[in-house]
Structure formats: C-alpha cells, structure tokens
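Let's take a walk through a protein model together. Have the 3D view ready to rotate as you read.

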Amino acid sequence: ATGVAIWESNVALPRGATELERIADVSSPPVVAGREVCAAAFQGRVACFELSSGSTAWTRDISSAAGIDVDGQNLYVSDDSGAVYALDRATGASVWKQEKLKRRLPGKPLAMESHVAVSDGEGIVHLLRRSDGVIVGQFAGDGSAINAAMQPYGNAFITQSRAGSVRALSAR
C-alpha cells in the first residue's frame, strides 16, 4: 500500500580493480519456490533467501548469466564456463556437476519430472538425468541458438530458436 521495501538482500557485491571487473549483474529473473526466493548473478554468486524476511539461506560462488530453475528438491544453474550444477535447494550443497557442456554456452536449465533440459550456443538441446546429471539425449535444431527460455508443456517443453523455429520436444 505504501511502496516501502519489506526487505532487501544482495546476490552479488561488485569486486575487482577496474569497472569491467566490477560488473555484477543479476541477469535473469529470481525464482520463487516455497518459502524461498533464489537468484543468480553474473560475476557473482547463486543465493537463496527466506521469502518472509530476506535472510540469506545459503550462497554459492557460481557466476551465471543464463539463470536458474528449481524443482521440489534442487536448484539448477549453468555457470559462465559451461558447467551445469544441481544444488540442494535447502543447503546449497552440490548434488551433481555436469562438465561436458564446457565452452558450449549453456542457457537457463529447465527442470522437468525426471530430466533437466539445457540448450547450448549452437541450439542443441541436451537432456540431463535429474538424479545424476548424465546426458541422456540431445536434439540438434536448426543450427541457431535457442533465444527464449524454454517453457514446460506437460511431459514436453517448447523451444524457440533465433532463426524462428518453435518446437515441442518430448522429455521421454
């Protein structure tokens, strides 16, 4: 009613000697899940906060420009070097790390029932098994990057490429 801030917390604090080194942007929307809100920052960290108070639940020094997704148990994030992580949503502890997408510019992960989908800079969509991060499937689209966040659609998901292709892909 008054516009007064209820709470405020920092995902990342700028650090470095030059202006360029001090860039620390929250480059994707925060995700609200249960009693937490989680966010990731470029040249910063991944953090989850208590929704009611803004108190820091946990932080991890993982830089991400792609963004995060969550399910009932884990938070999924692609870091700036190309690794994809599953972190325990309650503690931030590592559940698994998939490094086979290094230097492939993975985008924002999409958590589904038994898989995590993530696209790379060439528009290839990779399906990772949610329990251990093993790559169990790949789909090569039209050769252009996926330029919009993938959207869930029942047991499938929707992608849109930079070249304009819209596809529904099965996660089975």
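First, some vocabulary for empty space: on a 1 Å grid over the protein atoms alone, a pocket is an open set of points with protein on both sides within 12 Å along at least five of seven lines, a cavity is a set of points where a 1.4 Å probe fits but cannot get out, and lining residues have an atom within 4 Å of a point. Before we use that, know that this is a predicted model, where local features need pLDDT of at least 70, side-chain atom pairs count only at pLDDT 80 or more, and totals for chains, interfaces and linings use all residues. Residues are numbered from 1 along each chain as its sequence is written, and side-chain values use heavy atoms, with hydrogens and water left out.

So which residues line the largest pocket? They are Ala66, Leu105, Pro106, Gly107, Lys108, Ser119, Asp120, Ile146, Asn147, Ala148, Ala149 and Met150. The volume of this pocket is about 210 Å³, where grid points are joined across faces, edges and corners, and a volume is the space filled by probe spheres set on the points. Its lining has seven nonpolar, three polar and two charged residues. In this sorting, Ala, Val, Leu, Ile, Met, Phe, Trp, Tyr, Cys and Pro count as nonpolar, Asp, Glu, Lys and Arg as charged, and the others, Gly among them, as polar.

Let's stay with one of those lining residues, Asp120. Asp120 sits in the loop between β10 (115-119) and β11 (124-129); strands here are DSSP runs (E, at least two residues), numbered from the N terminus. Is Asp120 buried or exposed? Its relative accessibility is 2%, so Asp120 counts as buried (buried means under 20% relative accessible area, exposed over 50%, partly exposed in between, with a 1.4 Å probe and protein chains only). The side chain of Asp120 has a polar contact of 2.6 Å with the side chain of Arg104, and also reaches the backbone nitrogen of Glu122 at 2.9 Å. A polar contact is a pair of N or O atoms within 3.5 Å; within protein, one must be able to donate a hydrogen and the other to accept it, and residues adjacent in sequence count only if both atoms are side-chain atoms.

Now for the cavity. Just one cavity of 30 Å³ or more is counted, and the largest has a volume of about 30 Å³. Among the residues lining the largest cavity are Ile146, Thr159 and Arg167. Ile146 also turned up in the pocket lining, while Thr159 and Arg167 are bridge partners, with Arg167 in β15.

That pair leads us to a sheet. Strands β13, β14 and β15 form an open sheet in that order, with antiparallel pairing (two strands pair if DSSP finds at least two bridges between them). Both β13 (151-153) and β15 (166-170) are at the edges with a single partner strand, so one side of each has no neighbour in the sheet. Five bridges link β14 (residues 156-160) to β15.

Another open sheet has four strands in the order β5-β6-β7-β8, again paired antiparallel. Its edge strands are β5 (68-70) and β8 (94-98). Three bridges join β5 to β6 (residues 74-78), and one partnership matches Ile68 with Val77 in β6.

Finish at Gln98, which lies in β8. Gln98 is buried, with a relative accessible area of 9%. A polar atom of the Gln98 side chain lies 2.8 Å from the backbone nitrogen of Lys100, and the backbone oxygen of Gly133 lies 2.7 Å from a polar atom of that side chain.
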